[in-house]
Amino acid sequence: MGYWPSHFKSSTIVIIPKPNKTVYNLPKLYQLIVLLNTIGKLFEKIIGDHLQFHTISNNFIYRSQLGGLKQKSTTDAGVILTYIIYSEWVKNLTTSTLAFDIAQFFPSLNHQLFPLILDKAGLDQRVSIFFKNYLVGSKTKYIWNDFIFPLFDINISVGQGSALLPILSTLYLSPVFYSLEKHLKILKIPISMISFVDDGLFVSQSKSIL
């Protein structure tokens, strides 16, 4: 039906002071906790499981994307990197890595682009129509002690705390990694990639660390 109920789009952000601070005059000294509708979160988990199953089944998710997926963890990333290093030692090769972080990744997710990515992933058009509705019309309010700020629009990114945020961010980045890998091959640059959500590594092996 391409519809996500409006009461599932409403959230509450509770502002909690971080413990053991002498002053509280900076925003970073507070922790924000996002409270969402419980039934909505349950539906999101179900939708997320189906998205992961279908996009992994058709090989849409880039093979070395580890974050945002079930049964993929930081431990897996460490094991893969360790395996790469040890396997290249046998060939007398040295492994060099360059870490990267995509700044402001989650607030920058493009709502118009994402349905196109879902179409590219081979999902039913009704899924794309659903997410066009899911990604708009979100509202939130702040609560700080007894003070309650009125609801306001937050039509950017995917709602913080959403059970769909990990898989949606993974799908958003998959075409980027495939495109980057293609260009590296064209340029004949022997670099592989390991990604954990918006953090990652470029990995290169050679006779020298230079």
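1. W144 is partly exposed, with a relative accessible area of 40% in this predicted model. Its place is in strand β4, which covers residues 139–144. The ring partner of W144 is Y30, which belongs to strand β2, residues 30–35. Y30 has a relative accessibility of 18% and therefore counts as buried, the limit being under 20%. One partner of the pair is thus buried, while the other is partly exposed.

2. How are the rings of Y30 and W144 arranged? Their centres are 5.5 Å apart and their planes stand at 75°. Planes over 60 degrees apart count as edge-to-face, so the pair of Y30 and W144 is edge-to-face. The two residues lie 114 positions apart along the sequence, and the pair thereby links distant parts of the chain.

3. A second pair is formed by W4 and F130. The centres of these rings are 5.8 Å apart, the angle between the planes is 90°, and the arrangement is edge-to-face. W4 stands in the segment before β1 (10–17), whereas F130 is part of helix α4 (residues 125–134). With the two positions 126 residues apart, this pair also links distant parts of the chain. Are these residues buried or exposed? W4 is buried, at a relative accessible area of 6%, and F130 is buried as well, at 13%.

4. The pair of W4 and F130 should be read together with other rings. W4, F8, F43, F114, F130, F131 and Y134 are joined by ring pairs into a cluster. The count of aromatic pairs comes to 17.

5. Two members of that cluster, F114 and F131, also take part in a helix contact, that of α3 with α4. Helix α3 (residues 113–120) packs against α4 at an angle of about 165°, and the axes are 9 Å apart. Angles over 145 degrees count as roughly antiparallel, so α3 is roughly antiparallel to α4. The crossing of these two helices is right-handed. On the α3 side, F114, P115, L118 and D119 make the contact; on the α4 side, Q125, V127, S128, F131 and K132 do so. These residues divide into five nonpolar, two polar and two charged.

6. What is the arrangement of α1 and α5? Helix α1 (residues 38–57) and helix α5 (residues 165–186) pack at about 30°, with a distance of 9 Å between their axes. Because an angle under 35 degrees counts as roughly parallel, α1 and α5 are roughly parallel to each other. α1 passes α5 in a left-handed crossing. G48, L51, Q52 and T55 of α1 meet I167, L168 and L171 of α5. The residues of this contact comprise four nonpolar, three polar and no charged.

7. The region after α5 deserves separate comment. I189 is located in the loop between α5 and β7 (191–196). I189 is partly exposed, its relative accessible area being 35%. Along the chain, I189 and S204 are 15 residues apart, and their C-alpha atoms are separated by 8.9 Å. I191 lies in strand β7 and is likewise partly exposed, at 31%. The C-alpha atoms of I191 and L201, ten residues apart along the chain, are separated by 9.8 Å. When neighbours within four places in sequence are set aside, I191 is in contact with L184, F202, V203 and S204.

8. Where is S64, and which residues does it touch? S64 is found in the loop between α1 and α2 (74–89). S64 is buried, with a relative accessible area of 12%. Apart from neighbours within four places in sequence, the contacts of S64 are M193, I194 and S195.

9. The chain as a whole may be summarised as follows. The protein chain contains five helices and eight strands, in the order β-β-α-α-β-α-α-β-β-β-α-β-β along the sequence. Its C-alpha atoms fill a box of roughly 65 × 55 × 30 Å along the principal axes. Of the 210 residues, 34% are buried. Among contacts with a separation of 6 or more, 66% involve residues 24 or more positions apart.

Methods
Residues are numbered from 1 along each chain as its sequence is written. This is a predicted model: local features need pLDDT of at least 70, side-chain atom pairs count only at pLDDT 80 or more; totals for chains, interfaces and linings use all residues. Side-chain values use heavy atoms; hydrogens and water are left out. Axes are lines fitted to C-alpha atoms, for helices over the stretch in contact, and angles run from 0 to 180 degrees between N-to-C directions. Helices (H or I, at least four residues) and strands (E, at least two) are DSSP runs, numbered from the N terminus. Angles under 35 degrees count as roughly parallel, over 145 as roughly antiparallel, 65 to 115 as roughly perpendicular and the rest as oblique. A crossing is left-handed if the near helix is turned anticlockwise from the far one by less than a right angle, and right-handed if clockwise. Contact means heavy atoms within 4.5 Å. Ala, Val, Leu, Ile, Met, Phe, Trp, Tyr, Cys and Pro count as nonpolar, Asp, Glu, Lys and Arg as charged, and the others, Gly among them, as polar. Rings of Phe, Tyr and Trp (its six-membered ring) pair if their centres lie within 6.5 Å; planes under 30 degrees apart count as stacked, over 60 as edge-to-face and the rest as tilted. Buried means under 20% relative accessible area, exposed over 50%, partly exposed in between (1.4 Å probe, protein chains only).
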